Amino acid sequence: MPLRFSLRSLCFTVCIAALGLALYTHLLRVETARLLASRNEFFSGIVKSQSNAVGPPLVRVVSATDGTVVANVVVQLTRIGPDGGDGGFKEFLTDSHGVAHQHIPLHPGRYQWQLTPSVSSVFMPTDWKRGMPYVSVGSDGSTSVPMLLLETKGG
């Protein structure tokens, strides 16, 4: 038995599909704008609270493209417990030399990192991935000041 479609039902189906796609696209744009605003508020709050932070150097952030230092990047550290679990979360801000200073104490151990630049920056958020260096904190609170690479948008 052949399927029969009337021109009217076919047009109706195409219109419903187009409306669904338009609605999805609109909601995606709204959600993207909300996330960018939220990220910008988060970033601004860190900059306000840590712009004058002092302490020993913790990490250095450089551009993955050309190796230049990157200022005003939020460095988020998550402590990795002995069993691989999460052991705490701290945030630091890089200075004009790309260095984040340890202005609050950290427990000894390994930390995975996430780098969050300003929304208007040419850089994009960059997460720790297997094979990248951990931030290791010694029992005296010191680190080897690892160099963390920040990826650029579209590159």
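## A guided tour of the chain

Start with the whole chain: its accessible surface comes to about 10,100 Å², of which 62% belongs to carbon and sulfur atoms. Accessible areas come from the Shrake-Rupley method with a 1.4 Å probe; for residues, only the protein chains shown count as cover. The model is predicted: local features need pLDDT of at least 70, side-chain atom pairs count only at pLDDT 80 or more, and totals for chains, interfaces and linings use all residues. Residues are numbered from 1 along each chain as its sequence is written, and side-chain values use heavy atoms, with hydrogens and water left out.

**Overview.** Colour by secondary structure. You should find one helix and eight strands. From the N terminus on, the order is α-β-β-β-β-β-β-β-β. Helices (H or I, at least four residues) and strands (E, at least two) are DSSP runs, numbered from the N terminus. Of the 155 residues, 28% count as buried. Buried means under 20% relative accessible area, exposed over 50%, partly exposed in between (1.4 Å probe, protein chains only). Contact means heavy atoms within 4.5 Å. Among contacts between residues at least 6 apart in sequence, 66% join residues at least 24 apart.

**Helix α1.** Select residues 7-50, which make up helix α1. L7 lies in this helix and counts as exposed because its relative accessibility is 64%. Add L10 and V14: with L7 they form a nonpolar patch on the surface, with about 310 Å² of accessible area together. Patches are made of residues with over 30% relative accessible area and no salt bridge; like charges are joined within 9 Å, nonpolar side chains (Val, Leu, Ile, Met, Phe, Trp, Tyr) within 5 Å. A salt bridge is a side-chain nitrogen of Lys or Arg within 4 Å of a carboxyl oxygen of Asp or Glu.

Now move to V47, also in helix α1. V47 is partly exposed, at 22% relative accessibility. Draw a distance to V73: the C-alpha atoms are separated by 8.9 Å, with the two residues 26 apart along the chain.

**The core.** Select V59, V61, L77 and L115. These have the most contacts inside the largest nonpolar core, which has 19 residues. Strands β1 (57-63), β2 (74-80), β5 (109-116), β7 (135-137) and β8 (147-150) each supply at least two residues of this core. A nonpolar core is a set of buried Ala, Val, Leu, Ile, Met, Phe, Trp, Tyr and Cys residues joined through side-chain atoms within 4.5 Å. In soluble globular proteins, nonpolar side chains tend to be buried together.

Centre on V61. Leaving aside neighbours within four places in sequence, its contacts include V75, T94, L115, L148 and L150.

**Polar stops.** Pick T116 in strand β5. T116 is buried, at 5% relative accessibility. Its side chain joins that of Q76 in a polar contact of 3.1 Å. A polar contact is a pair of N or O atoms within 3.5 Å; within protein, one must be able to donate a hydrogen and the other to accept it, and residues adjacent in sequence count only if both atoms are side-chain atoms.

Next, S121, in the loop between β5 and β6 (126-127). S121 is buried, at 17%. A polar atom of its side chain lies 2.9 Å from the backbone nitrogen of F123.

**Positive phi.** Select N72, in the loop between β1 and β2. Phi of N72 is near 55°, a positive value in a residue other than glycine. N72 is partly exposed, at 40%. Its C-alpha is 7.4 Å from that of S118, 46 residues apart in sequence.

Finish at V145, in the loop between β7 and β8. V145 has a positive phi of about 50°, although it is not a glycine. With a relative accessible area of 30%, V145 is partly exposed.
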